[in-house]
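Let's take a walk around this protein and see what its surface, helices and charges have to show. Have the 3D view ready, and follow along as we go.

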Amino acid sequence: MSRIPAPSSLQKQEKNKQVFENGAFSKPFAPSIQKAAPTIKRTVPAVQRAGIKRPGESQVALSEKKQRINIGVTVRRNVENSHNLAKVAGFSEKAKRAALQPIAESALMRGSMPAISVSKSKPKRPAWDLKGRIQDMEENFQSAQQINSTLNDQLIAYNQRILALEEANTLLHKDVEIKASQSEVASSQASNLEKQLREKTEDFEKKLKGKDDAIYKLKEKNSELSNELSTLRSDYENLQNTHQQETSSLKSSITCLICSKSGLQAELDATKLLVESLQEEIKQLTKMKSDTEFENKNLLKNVGNLESKLLAEESTRRKLHNVIQELKGNIRVFCRVRPPLPDEIKNGIQLANITTPDNKIIEINQMGDVGMNDSGKAQKKYEFSFDAVFPPSAFQQEVFEEISQLVQSAIDGYNVCIFAYGQTGSGKTYTMEGPENIIDFASSDYESHLGMIPRSVQKIFKCIQNLEPRGWKYRVEAFFLEIYNERIQDLLNSDSVSGNAKCEIIKSAGKGNDCLLSNVTTSTVSCAEEVYNLLKKARINRAVAATKCNEYSSRSHYVFQLKIYGENSLTDEKCEGILNLVDLAGSERVKDSGSAGDRLTEAKAINKSLSNLGKVIMSLSKKENHIPYRDSKLTHLLANSLGGNSKTLMFVNISPDNENLSETINSLRFATKVNQCNIGTAQKRVK
């Protein structure tokens, strides 16, 4: 659709129309005239040349020529005005052509617009024929005026049509606005309807899906029921066939049974007779069984009584043995042979020829150079006798059973001393405490490996608990000492271990007197777990080092002491007992240990104290007046346990390694001397 000009544009078109009719033209439209009428442009030079009279040309011809030129100029100006009028009306060249072309075509079709006939070009007049030329120009001018008049009429008609079109356009715009508002309302209604339709569709789809699922389930259930029905039908048919077969077989069986009934009746009569005889026999066997069970019960009861008597007799034997040893006044000695370790077995060490014929004798066979036997070497045999000998297969519990009466004596008010002697690596620490890697003494994982110290603690507190109903109340004090390089150290005091606090014996131990020490931590304990915690702390602070004999060698004498104070509220009886448990340092000689530097100093101090221990024991066995207790801290600390009112027992631990055989023999010889030492009869300390 062509653009319709505004009313203001129409007013401008009317004004331009008046200008066109008055014949007034402005200069700015000259370029448009040049674009619109190029043919007229070509006539301008002719007008310029018209004022020149050519030779042989008459005056009349010249005037006619000028007249024709003026007519052409007038036509040219009219054309320019028509173009400028179209431009003033607001139409461009392209818009004017686009707007007027369909109108002109329709006018031509209707016959309302006369077609402008273009006369054929006349032959060119000669230059001297000015009259002819002017005549031609007049004809052209008249035709141009006719065209101009026709164009003006058409322009008026077009303007009127434009006004009508604008009115129609205004009505159409109003109609379009109404239709647009109606369209918006209809669109909103359509969107609402579409939304409702969508919701209804979704709801319908959900219901349809539910119905489809229900139909699918019903189909599946129908299929299952159909399969089940077919299975039941087949089962029914099979059962019917089986029933028929069984019915036929039963009929045949009934026939056979009827035939064999008479024979079975006879057998039944014979069986009844046999059953009666068997029942009589069963009665006799039942009576014999009850008599045998009664006899077995009596025998088991007798066995139980005999076993309890045996245990009581064994306990009595131990007590009597302890009484005999107490009356004899000798130091009791137990020998324990360490089993070979897994690493030793893996490395294939040579084991010494050590045998234990019974629980009191140990025999050692040593190869020598005198008295050649079949192997080319002499064989020496050593035999030693002690109060008890434990082979390598003995468990910790078996060993503790032999010393449990001594531990009980400490609760009863006696001084008890148990110490372990032997070379490094012979099992002294294992016997007294347990494995080196033990973490929790109360754990059941280590129960079978617990040494004499934790087992003695368990027994003491168990006995204290059992004696409470009888009116006994006990107070127990514990301390842990170490004798390192002839210096007493408190293992529960870090200052003492580092050498900042010095422990000294401030009261000499005499017969019947306790040994008192300075700067020693005494801990009151009420249960075994508290003692275990102290024991773990003491093990950490104890001096150990590697030697040629053992990678983890104890370089000091370790003393654990429990003081037990008892009082009976019913009888007003009081007692005091002391339990000393001592783990001595390794007894090997300096040349065998391969010690040097600090280890050599330690070894010399250890050997000196053990040598003084031997001198004390020899002096005691000879009943000498002067006993050199003060020559070493060890004998000074244990004076009451060795020569005072005490029950003393020594463990001598030996190694199975053949390389250590000489040290083993030296340890057994020393233990024999100790076993022969008489220190007098122990007496109960009652207040």
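## A nonpolar patch on the surface

Leu250, Ile254 and Ile258 together make a nonpolar patch on the surface, covering about 310 Å². If you want to find the patch, look for leucine 250 in helix α7, which runs over residues 130-328. Keep in mind that what you are looking at is a predicted model.

## A positive patch, and the loop after α15

There is a charged patch too: Lys380, Lys622, Arg669 and Lys673 gather on the surface as a patch of positive charge. Take lysine 622 from that group. This residue sits in the loop between α15 (598-621) and α16 (633-637). Is lysine 622 buried or exposed? Its relative accessibility is 55%, so lysine 622 counts as exposed, given that the cut-off for exposed is over 50%.

Lysine 623 lies in the loop between α15 and α16 as well. With a relative accessible area of 54%, lysine 623 is exposed. Its backbone deserves a look: phi of lysine 623 is near 60 degrees, a positive value in a residue other than glycine. Why point that out? Most residues other than glycine have a negative phi.

## Another positive phi

Asparagine 485 also goes on the list, as its phi is near 50 degrees, again positive in a residue other than glycine. You'll find asparagine 485 in the loop between β7 (472-484) and β8 (487-490). This asparagine counts as partly exposed, because its relative accessibility is 29%.

## Checking a helix with a ruler

Now for helix α11, residues 452-467. How far apart are the end C-alpha atoms of its 16 residues? At 1.5 Å a residue, the helix should span 22 Å, and the end C-alpha atoms are indeed 22 Å apart, so the two agree.

Plenty of α11 is tucked away from the surface. Its buried residues are Met452, Ile453, Pro454, Arg455, Ser456, Val457, Ile460, Phe461, Cys463, Ile464 and Leu467.

## Salt bridges

How many salt bridges are there? The count comes to eight. One of them is in helix α7, where the side chains of glutamate 194 and arginine 198 meet at 3.7 Å, N to O. These two are four residues apart in the helix, so about one helical turn separates them. Glutamate 194 is partly exposed, with a relative accessible area of 47%, and arginine 198 is partly exposed at 43%.

Then there's the salt bridge between glutamate 344 and arginine 338, at 3.1 Å, N to O. Glutamate 344 counts as buried because its relative accessibility is 16%, and arginine 338 counts as buried at 11%.

## Linking distant parts of the chain

Arginine 539 and glutamate 433 also join their side chains in a salt bridge, at 2.9 Å, N to O. This pair links distant parts of the chain: arginine 539 is in helix α13 (residues 528-541), while glutamate 433 is in the loop between α10 (428-432) and α11, 106 residues apart. Both arginine 539 and glutamate 433 are buried. Elsewhere, Lys502, Glu504 and Lys633 form one network through salt bridges that share partners.

Here's another pair to look up. Aspartate 412 and glycine 566 are 154 residues apart in sequence, yet their C-alpha atoms are 8.5 Å apart in space. Aspartate 412 belongs to helix α9 (residues 396-412) and counts as partly exposed, with 30% relative accessibility.

Technical notes. Residues are numbered from 1 along each chain as its sequence is written. This is a predicted model: local features need pLDDT of at least 70, side-chain atom pairs count only at pLDDT 80 or more; totals for chains, interfaces and linings use all residues. Side-chain values use heavy atoms; hydrogens and water are left out. Patches are made of residues with over 30% relative accessible area and no salt bridge: like charges are joined within 9 Å, nonpolar side chains (Val, Leu, Ile, Met, Phe, Trp, Tyr) within 5 Å. Accessible areas come from the Shrake-Rupley method with a 1.4 Å probe; for residues, only the protein chains shown count as cover. A salt bridge is a side-chain nitrogen of Lys or Arg within 4 Å of a carboxyl oxygen of Asp or Glu. Lys and Arg count as positive and Asp and Glu as negative; His and the chain ends are not counted. The place of a charge is taken as NZ of Lys, CZ of Arg, CG of Asp or CD of Glu. Buried means under 20% relative accessible area, exposed over 50%, partly exposed in between (1.4 Å probe, protein chains only). The expected span of a helix is 1.5 Å times one less than its number of residues.
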